[in-house]
Amino acid sequence: MNARSYTPLQITLHWLSAAVIVWALCSGFLVAFADLAVATEARISALNVSLTALLTPLFALRMLLAWRHRHQRLHAPGLKGALARHAHLGLYAVSALVLLTGIIMMDRQIRIFDVISFAQPVTDPALLTLFHGIHRYACVVLGLLVTLHVAAVLFHQWRRTPVLRRMWY
Ligand code: HEM
Ligand code: HEM
C-alpha cells in the first residue's frame with residue numbers, strides 16, 4: 001500500500017460489496033414493487049439471501065480494515081475531505097444496518113445456496129414486521145447514499161481528480 005491508495009484487500013472487498021449491494025438494492029425493490037411471476041420472485045429472493053448472508057462477514061472484515069487503516073490520509077484536509085469521510089462513514093453504517101436487519105427479519109431458515117442453512121434468529125411476528133420495516137427504509141437511505149457516492153465519484157473524475165485510481169490495483 002502506498003500513502004495515496006487503498007490496500008488490494010480493501011479494493012477487492014469494495015468492488016465485491018458494491019456489486020452485491022447494487023444488485024440486491026435493484027432486484028430487491030423490483031421484487032417488492034413490480035408484478036413478477038411467483039417463481040421468479042422466489043428465485044431472486046433465494047439468490048439475494050444467499051449473496052447478502054455471505055457478504056455479511058466480508059463486510060464486517062471491510063469495516064475492520066477501514067478502522068485499522070483509519071489514519072490513511074487519502075482525502076484533502078478541510079471541508080471537502082470531511083464531507084467525503086462522513087459520507088463513507090454513512091455508507092458503512094447504513095450498509096451494516098441493512099445487513100443486520102435483513103438477517104433479523106428472516107421469517108424462515110437462512111439458506112445459503114442450499115449448502116448451509118441457519119435457523120432464523122427471531123420468531124416473534126411483531127418483531128419480524130418491525131425489522132422488515134427498518135430493513136425497507138434503510139434500503140431507501142442506502143440507495144440514496146450509493147447514488148450520491150457514485151455521482152461524487154463521477155464528478156471528481158470529470159474535474160480530473162482521479163479518485164477511481166485510488167480504488168484500483
Ligand atoms: C446490503 C445488503 C442488502 C440489501 C441491499 C438488501 C435489499 C433489499 C431490498 C431493496 C428489499 C425490498 C424491500 C421491501 O421489502 O420493500 C429487501 C427485502 C428483503 N431482504 Fe434484503 N437486502 C440486504 C440484505 C439482506 C440480508 C442479509 C437478508 C437475510 C439474510 C435479507 C433478506 C431480505 C428478505 C427476506 C426480504 C423480503 C423480500 C424477499 O423475501 O426477498 N436482505 N432487501
Ligand atoms: C458501483 C459503483 C461504485 C463506484 C464507481 C465506487 C467508487 C469508489 C471510489 C472511487 C472510492 C474511493 C473514493 C475516495 O477515496 O475518495 C470509493 C470508496 C468507498 N466506497 Fe465506493 N463505489 C461504488 C459503489 C459503492 C457502494 C455500493 C458502496 C456501499 C457500501 C460503496 C462504499 C464505499 C466506501 C465506504 C468507500 C470509502 C472506503 C474507505 O475510505 O474506507 N461504494 N468508492
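Visitor: Which pocket does ligand 2 sit in, and what makes "sits in" the right phrase?

Guide: In this predicted model, ligand 2 sits in the largest pocket. The phrase applies because more than half of the ligand's atoms lie within 2 Å of the pocket's grid points.

Visitor: What makes the pair between His75 and ligand 2 a polar contact?

Guide: A polar atom in the His75 side chain is 2.8 Å from an oxygen atom of ligand 2. The cut-off for N or O atoms is 3.5 Å, so this pair counts as a polar contact. The side chain of His149 has an N or O atom 2.8 Å from a nitrogen atom of ligand 2, so that pair counts too.

Visitor: How do you know which residues are around ligand 2?

Guide: Each has a heavy atom within 4 Å of the ligand, and 20 residues surround ligand 2, with Tyr6, His14, His75, Tyr92 and His149 the closest. By class, 13 are nonpolar, five polar and two charged.

Visitor: And where is ligand 1?

Guide: Ligand 1 takes up the space of the second largest pocket. Helices H1 (8-33), H2 (38-68), H3 (79-104) and H4 (125-158) each give two or more residues to its shell, and H1 gives the most, six.

Visitor: Why is the pair between Arg136 and ligand 1 called a polar contact?

Guide: An N or O atom in the Arg136 side chain is 2.5 Å from an oxygen atom of ligand 1. That distance is within 3.5 Å, so the name fits. Ser45 also qualifies, because a polar atom of its side chain lies 2.8 Å from an oxygen atom of ligand 1.

Conventions. Residues are numbered from 1 along each chain as its sequence is written. Chains are lettered from A and ligands numbered from 1 in the order in which they are written. This is a predicted model: local features need pLDDT of at least 70, side-chain atom pairs count only at pLDDT 80 or more; totals for chains, interfaces and linings use all residues. Side-chain values use heavy atoms; hydrogens and water are left out. A polar contact is a pair of N or O atoms within 3.5 Å; within protein, one must be able to donate a hydrogen and the other to accept it, and residues adjacent in sequence count only if both atoms are side-chain atoms. On a 1 Å grid over the protein atoms alone, a cavity is a set of points where a 1.4 Å probe fits but cannot get out, and a pocket is an open set with protein on both sides within 12 Å along at least five of seven lines; lining residues have an atom within 4 Å of a point. Helices (H or I, at least four residues) and strands (E, at least two) are DSSP runs, numbered from the N terminus. Ala, Val, Leu, Ile, Met, Phe, Trp, Tyr, Cys and Pro count as nonpolar, Asp, Glu, Lys and Arg as charged, and the others, Gly among them, as polar.
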